[in-house]
Amino acid sequence: MDSPIKTRVWQLDADAPNPRIIAEAARLIRDGRLVAFPTETVYGLGANALSAPAIERIYAAKQRPSHDPIIAHIAAIDDLPRLAVDIPDIAFDLARALWPGALTMILKRGADVPDNIAAGLDTVAVRMPSGRIASALIASAGVPIAAPSANTFTRPSATTAAHVLHDLGGRIDAVLDGGATRIGIESTVLDLTGETPAILRPGGVLLDDIRRIAPATITRSRWQTDDAPSPSPGQMLKHYAPNARMMVYRGEVAAVLDAMRRTAGELSADGLRVGLLVAAEDRPQVAGAGVVHVLGRRDDLAAISRHLFAALRQLDAENVDVILTRDFGAAGLGAALWDRLVRAAEGRVITV
Ligand code: TXA
Ligand code: MG
């Protein structure tokens, strides 16, 4: 690792960020430096999206392999043509309906956009985030901002400035601290370069919202996340993963909680420290089975999603060896949540 640099931390009011600090952070971006900032989904690790050396610094700081492309963030729909060419009408329709928001669109890459943001692909991922800090920073920088999630590669995404500092402190120039992010899981990635719009990663914007504008949209996850009782961990892309070994239970809720409690008991008897991630209503059934974290009420998938990554990091901090959690259903954010759970568990799904 390079010798550490001093990471500046600026506290900002998420609704009314100090323009002087925004201007200073924007200057760092223009100078090719790295600035982490909150979006409505998760914190992003930002750099000038039109500068290949600046983007190179992102890959180095995150220890991210150079074959994983990065999203470019803009502050106005009018900036789309700075990044993409041959933009289909449907992209503008989606942008008008769902931006600013948790939707990333894959489009044909423009000539001025560096190869390395796209990992050499002829496409580019573009998103217009909501949130005052993000939009003020991008507008003030005057350039699109390349930003992957601000975590070390394969770790859970960062939803607070403290998470960013834990992973990237000493490796980046600054963090804008605007408190915890609202949605807590990443944007929906929608590929508009094929015959049919295809969701590559479910996220903060729902399939139904997209289909209202683009009815033909399909889901094409790049890794297996559904239906198969026990997808082979070898086929799963390890991602969002805690240090602890995680397992996700699915099935009828009472049976699932029973299986989790039993397994927790067996693992504890073997001397392992067990963490459990559950809904508020589940708590009585798993009380005493290990370190229990409640993510939210069963019917509040927004709260469960918002708290997931922080809970995974918290359980790591509490040194658990194993994390047991469960399927929270398919309503609303359920698809995105299931995707993150299965990948954090590296495919260890147990159907009861
Ligand atoms: O909510 C989010 O999307 C956050 C915030 C910071 O905007 N960003 C984020 O970035 O999650 P990252 O790098 O962690 O995930 C970006 C995803 C990856 O799965 C990447 O493979 C995909 O988008 N992606 C980026 N560019 C692409 C491209 N040209 N073609 C296909 N997939 C692409
Ligand atoms: Mg990421």
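## Ligand 1 and the largest pocket

A polar side-chain atom of Thr123 lies 3.0 Å from a nitrogen atom of ligand 1. The model is a predicted one. Two further side chains, those of His73 and Ser149, place a polar atom beside an oxygen atom of ligand 1, at 2.6 Å for His73 and at 2.9 Å for Ser149. On its own, ligand 1 has 680 Å² of accessible area, and the protein covers 94% of that.

The polar contacts are set out below.

| Side chain | Atom of ligand 1 | Distance |
|---|---|---|
| His73 | oxygen | 2.6 Å |
| Ser149 | oxygen | 2.9 Å |
| Thr123 | nitrogen | 3.0 Å |

**The shell around the ligand**

Ligand 1 is surrounded by 22 residues, and Thr41, Asp68, His73, Ser149 and Ser187 are the closest. By class, the shell consists of 10 nonpolar, six polar and six charged residues. Which elements give two or more residues to this shell? They are E4, E7 and E11. E7 provides the largest share, with three residues.

**The pocket**

The space that ligand 1 takes is the largest pocket. The volume of this pocket is about 740 Å³. Its lining is made up of 41 residues, with Arg64, Asp68, Pro69, Ile71 and Arg201 nearest the centre. Asp68 thus appears both among the residues nearest the pocket centre and among those closest to ligand 1.

Five strands each give at least two residues to the lining: E3 (43–48), E4 (71–73), E6 (103–109), E7 (123–127) and E11 (198–201). Which of the elements supplies the largest share of the lining? That element is E7, with four residues; E7 also gives the largest share of the shell around ligand 1. The lining divides into 19 nonpolar, 13 polar and nine charged residues.

**Backbone features in two loops**

Most residues other than glycine have a negative phi, and most peptide bonds are trans. Two places in the model depart from this pattern. Gln63, which is not a glycine, has a positive phi of about 55°. Gln63 belongs to the loop between helix H2 (52–62) and E4, and E4 is one of the strands that contribute to the pocket lining.

The peptide bond between Trp99 and Pro100 is cis, with omega at about -5°. Pro100 is in the loop that runs between helix H4 (89–98) and E6. E6, too, is among the strands with at least two residues in the lining of the largest pocket.

Definitions and conventions:
Residues numbered from 1 in each chain as written. Chains lettered and ligands numbered in written order. Predicted model: local features only at pLDDT ≥ 70, side-chain atom pairs only at ≥ 80, totals over all residues. Heavy atoms only, no water. 1 Å grid on protein atoms, 1.4 Å probe; cavity = no way out; pocket = protein on both sides within 12 Å on 5 of 7 lines; lining within 4 Å. Points joined across faces, edges and corners; volume = space filled by probe spheres on them. Nonpolar A, V, L, I, M, F, W, Y, C, P; charged D, E, K, R; others polar. Near = heavy atom within 4 Å. Polar contact = N/O pair within 3.5 Å; in protein donor to acceptor, adjacent residues only side chain to side chain. Areas by Shrake-Rupley, 256 points an atom, 1.4 Å probe, with all protein chains shown as cover. Sits in = over half its atoms within 2 Å of the grid points.
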